[in-house]
Amino acid sequence: MITGDVIFDLPFYNAKGILTGGDIYGPRYRIAKIAVEQEPEEEGGEPSSQDFFEVCIWNASTCYEKTPEEMITRKTFSFDAEGREAVLAWLNEMIPEKKL
């Protein structure tokens with residue numbers, strides 16, 4: 001089970017941006033803060049951006065950058081405390097707990 005202390009709090013992602021984890025022989029995951037550009041609300045207005053968590057899971061011994069896109073499952077969550085809890089719940093749903 002992945003716990004809240006493993007995926008860190010929001011300030012970590014503001015400073016570092018990316019966390020990777022998992023097992024070299026099993027599912028691996030990557031949590032990143034991404035900014036998505038939003039269209040201006042008014043014509044001629046300034047575009048804005050909104051922050052999200054992008055979570056990727058893959059079952060390979062390769063690093064994220066070397067893993068083929070078709071082997072990666074992605075999901076986005078709001079970049080806030082509720083989104084962080086949703087990230088944690090989704091990771092625990094998607095990655096089975098190891099039996100020792």
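Biologist: Where is T67 found?
Modeller: In this predicted model, T67 is found in the loop between β3 and β4, the latter covering residues 72–78.

Biologist: And is T67 buried or exposed?
Modeller: T67 has a relative accessible area of 7%. Buried means under 20%, so T67 counts as buried.

Biologist: What does the side chain of T67 reach?
Modeller: The backbone oxygen of C63, at 2.7 Å.

Biologist: Which residues is T67 in contact with, leaving aside its neighbours within four places in sequence?
Modeller: With that restriction, T67 is in contact with W58, T62 and I72.

Biologist: Let us turn to the whole chain. How many helices and strands are there in the protein?
Modeller: The protein has three helices and four strands. Starting at the N terminus, the order of the elements is α-α-β-β-β-β-α.

Biologist: What does the C-alpha trace span along its principal axes?
Modeller: About 60 × 30 × 25 Å.

Biologist: Now the interior. How many residues has the largest nonpolar core?
Modeller: That core has 16 residues, and I7, I31, V87 and L91 are those with the most contacts inside it.

Biologist: Which elements each supply at least two residues of this core?
Modeller: They are β2 (28–38), β3 (48–58) and α3 (81–94). The element that gives the most to this core is α3, with four residues.

Biologist: What other core lies apart from it?
Modeller: There is another core, of five residues, and it includes C56, W58, Y64 and I72. Two of the residues named here, W58 and I72, are also in contact with T67.

Biologist: Going back to I7, what is it in contact with, beyond its neighbours within four places in sequence?
Modeller: I7 is in contact with I2, Y13, L19, I31, R84, V87, L88 and L91. Among these, I31, V87 and L91 belong with I7 to the residues that have the most contacts inside the largest nonpolar core.

Biologist: What percentage of the residues count as buried?
Modeller: Of the 100 residues of the protein, 32% do.

Biologist: Of contacts between residues at least 6 apart in sequence, what share joins residues at least 24 apart?
Modeller: The share is 46% for this protein.

Biologist: Last topic, the surface and the charges. What area does the protein expose?
Modeller: About 6,900 Å² is exposed, and 51% of it is supplied by carbon and sulfur atoms.

Biologist: How many positive and negative side chains are there?
Modeller: There are 10 positive and 19 negative side chains, and 13 Å lies between the centres of the two sets.

Definitions and conventions
Residues numbered from 1 in each chain as written. Predicted model: local features only at pLDDT ≥ 70, side-chain atom pairs only at ≥ 80, totals over all residues. Heavy atoms only, no water. Core = buried A, V, L, I, M, F, W, Y, C linked by side-chain atoms within 4.5 Å. Buried < 20%, exposed > 50% of the residue type's maximum accessible area, 1.4 Å probe, protein only. Contact = heavy atoms within 4.5 Å. Areas by Shrake-Rupley, 256 points an atom, 1.4 Å probe, with all protein chains shown as cover. Lys, Arg positive; Asp, Glu negative; His and termini not counted. Charge placed at Lys NZ, Arg CZ, Asp CG, Glu CD. Polar contact = N/O pair within 3.5 Å; in protein donor to acceptor, adjacent residues only side chain to side chain.
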